[in-house]
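Here are a few exercises to work through with the model open beside you. Have a go at each task before you read the solution.

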Amino acid sequence: MKIEAHALEHYYGAEHILRGVDLSIPSSGFTAIIGESGSGKTTLLSILSTLLQPTGGTVTYDGKALAELGNIDLFRRRNIGFVFQFHYLISYLSLRENVALAALAPEGIDPLMERLGIGRLGSRYSDEVSGGERQRAAIARALINHPSVVFADEPTGNLDTKNALGVYELFREFSNSGTGFIVASHDKKIADFADTIIEMEDGIVKKIHH
Amino acid sequence: MITPVKALRKNRFKTALIFLSMTVSIAAIFLISAISGGVVSMYSAMLKTDGDIIVTQKGIADTFFSDINRSMTTTIAAMEGVKEVSALILGAAPVDPLPIVGIYGVSDNRFKSYTLKQGSYPKTREVMLGSKIYETLKHPETIVLSKQTFTVSGVFKSRIGFEDGGVVMPLEDAGKLFHKSASIFLISLNDLGQSDAIVAKVNALNSQIEAKTTESFIDSYNQFKIIQTSSDVIGAMAFLMGILGIVSMMSMVVNDRKAEFGIMRSIGLSSGAIIAKLLWETLIIALAAFFVAWGLSEGVLELIEHAEKFQGYINGEITAALLLKVFIVSVVMALVGTLLPAVYASRIDPMSLIQRGGA
Ligand SMILES: Nc1ncnc2c1ncn2[C@@H]1O[C@H](COP(=O)(O)OP(=O)(O)O)[C@@H](O)[C@H]1O
Ligand SMILES: [Mg+2]
């Protein structure tokens, strides 16, 4: 799914956060949004992922504006996966049940968890596995419906370096098989894994590297 | 089905609180309805024995205040289609050590409606006691009413709690005791089809009296309406308390679980699906609370029925109709109480999951 942003502006109250962002993100590949803390990465990602309405400008998905997409719940469920800084696994459900909650069809759950290296942890609960494993379960939940694109905001913010690199490798691997990833992070190491790097500074796109 | 149970177990403290508050409300509804229904049906049963038509003083709110001339029974008994007429005095007096006991003065032809357990029907200056009060008073040989001593001639058994806890005496003696001729007449007919005609004839006899079919008397009897209305009001309050309890507890639950509902929204579960999840959770609690409240209420009713203090006057029964009514009320209570918090949960913005202004 090709995502394009035109003249995005965003204000929080009187604070001018995004100051005219124009972007075109290809339908697949691994795109990283990097920049200093406060540069507007989260705000941009929230707008691109339909969670936040921009104050000005438009975002289109394969050429269609948000209003033309129909039922937004269904659109999200079919096309978009989310990974947050915190895993937000539901504590009373096992890892497998957490993934199943999102799944439109149950078939792919076990192979996917296997591929993410948590195949044997399906019956465990989030407080019975490590931080890296929790984030992998959250990634499985984001990938289960074969979304066109997965949005992640600081997905490694709560992980140590080793687990963080593991997560980037997973994104790399899955983006090779066709899923798009748009990941906001202040961690510069992400650049080694991404196809496209969008550098933010003070609410504008400073540079785009490929 | 498994998911809501897991969610309830995980939040067991609040689940327990919701369960308790629902159980108390439902049990209150059960008890107030059963007890008021019991009082009404007991009194109606008493009136219905041998009475197709009831005659009272006109415009009286309570049969205890009714005063009519017993000599009219002869005239009424002579009417065509009338099988029998009996006169009753309904009174109440203390019988040491009981503060208040129902006293029934009845004409001789009504004695046969009491099943004697021992002794004989009372004659002048004699009484017969219901088996319940006979036990409570520890098998007395005499009792004192208004400083007059009466000999206990016999003991009867009645399934009507009021009577089983009461004292029956000849009409004349009761008339002297309560300074009246009769409270009510009970007329039984050969053919129920004639009841309207006979009601009209009796009403024409005297402008001071009022005859009604027993059915319509019971339907219009003020005391029953008062009991029924009070019980409905108390029941409605218990219902509202139940709903308020659920609303406040569920609001806390939703607040505790904000992230859970936010993530459900972000993975594209519809608002309806989230509302349904929460409704299932309270519905399960409501079912458990319903059955526990039912059991509790049966226990309490059993205790009340055998409590000496109430002399069998209070005697509630949980009928199938009441069971169904309270079941529906419990389900409605759970659904209505959960709806608002659930709608709130279903609108939680996934944006709240994003760490604001973070790194
Ligand atoms: N909900 C909000 N209300 C007000 N200010 C906000 C809100 N969210 C973010 N900000 C501010 O907007 C700026 C950009 O934030 P953000 O987009 O989170 O940047 P980044 O993710 O790059 O750190 C920061 O100064 C932050 O404090
Ligand atoms: Mg951020």
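## Exercise 1: a lone buried acid

E154(A) is buried (under 20% relative accessible area, with a 1.4 Å probe and protein chains only; over 50% is exposed and in between is partly exposed), yet E154(A) has no salt bridge (a side-chain nitrogen of Lys or Arg within 4 Å of a carboxyl oxygen of Asp or Glu). The nearest side chain of opposite charge (Lys and Arg count as positive, Asp and Glu as negative; His and the chain ends are not counted) is K41(A), 4.3 Å away. This is a predicted model: local features need pLDDT of at least 70, side-chain atom pairs count only at pLDDT 80 or more, and totals for chains, interfaces and linings use all residues. Side-chain values use heavy atoms, with hydrogens and water left out, residues are numbered from 1 along each chain as its sequence is written, and chains are lettered from A and ligands numbered from 1 in the order in which they are written.

Task: find where E154(A) is located and which side chain it makes a polar contact with.

Solution. Start with the location: E154(A) is in the loop between β7 (149-153) and α6 (161-176) of chain A (helices are DSSP runs of H or I, at least four residues, and strands are runs of E, at least two, numbered from the N terminus). Next, why does E154(A) count as buried? Because its relative accessible area is 2%. Then look for a partner: the side chain of E154(A) makes a polar contact with the side chain of H186(A) at 3.0 Å (a pair of N or O atoms within 3.5 Å; within protein, one must be able to donate a hydrogen and the other to accept it, and residues adjacent in sequence count only if both atoms are side-chain atoms). Last, check the backbone: phi of E154(A) is near 45°, a positive value in a residue other than glycine.

## Exercise 2: backbone oddities

Task: what is the phi of D62(A), and which residues does a cis peptide bond join in chain B?

Solution. A bit of background first: most residues other than glycine have a negative phi, and most peptide bonds are trans. Now take D62(A), whose phi is near 45°, a positive value in a residue other than glycine. D62(A) sits in the loop between β4 (56-61) and β5 (64-65) of chain A. D62(A) counts as exposed because its relative accessible area is 54%. Over in chain B, a cis peptide bond joins D96(B) and P97(B), with omega at about 5°. P97(B) belongs to the loop between β2 (82-95) and β3 (98-106) of chain B.

## Exercise 3: a threonine in a helix

Task: is T42(A) buried or exposed, and which side chain does the side chain of T42(A) contact?

Solution. First place T42(A): it lies in helix α1 (residues 41-48) of chain A. T42(A) is buried, because its relative accessible area is 12%. Its side chain makes a polar contact with the side chain of D153(A), at 3.1 Å.

## Exercise 4: cavities

Task: how many cavities of 30 Å³ or more are there, and what lines the largest cavity?

Solution. Begin with the rule: on a 1 Å grid over the protein atoms alone, a cavity is a set of points where a 1.4 Å probe fits but cannot get out, and lining residues have an atom within 4 Å of a point. Grid points are joined across faces, edges and corners, and a volume is the space filled by probe spheres set on the points. The count comes to four cavities of 30 Å³ or more.

Now the largest cavity, with a volume of about 90 Å³. It is lined by 13 residues, and I80(A), G81(A), R141(A), A142(A) and I267(B) lie nearest its centre. Two or more lining residues come from each of α2 (72-79), β6 (80-83) and α5 (131-143) of chain A. β6(A) has the largest share, three residues.

Then turn to the second largest cavity, which holds about 50 Å³ of space. Among its lining residues are L8(B), K14(B), M250(B) and E281(B). α2(B) gives the most to this lining, with three residues.

Conventions:
On a 1 Å grid over the protein atoms alone, a cavity is a set of points where a 1.4 Å probe fits but cannot get out, and a pocket is an open set with protein on both sides within 12 Å along at least five of seven lines; lining residues have an atom within 4 Å of a point.
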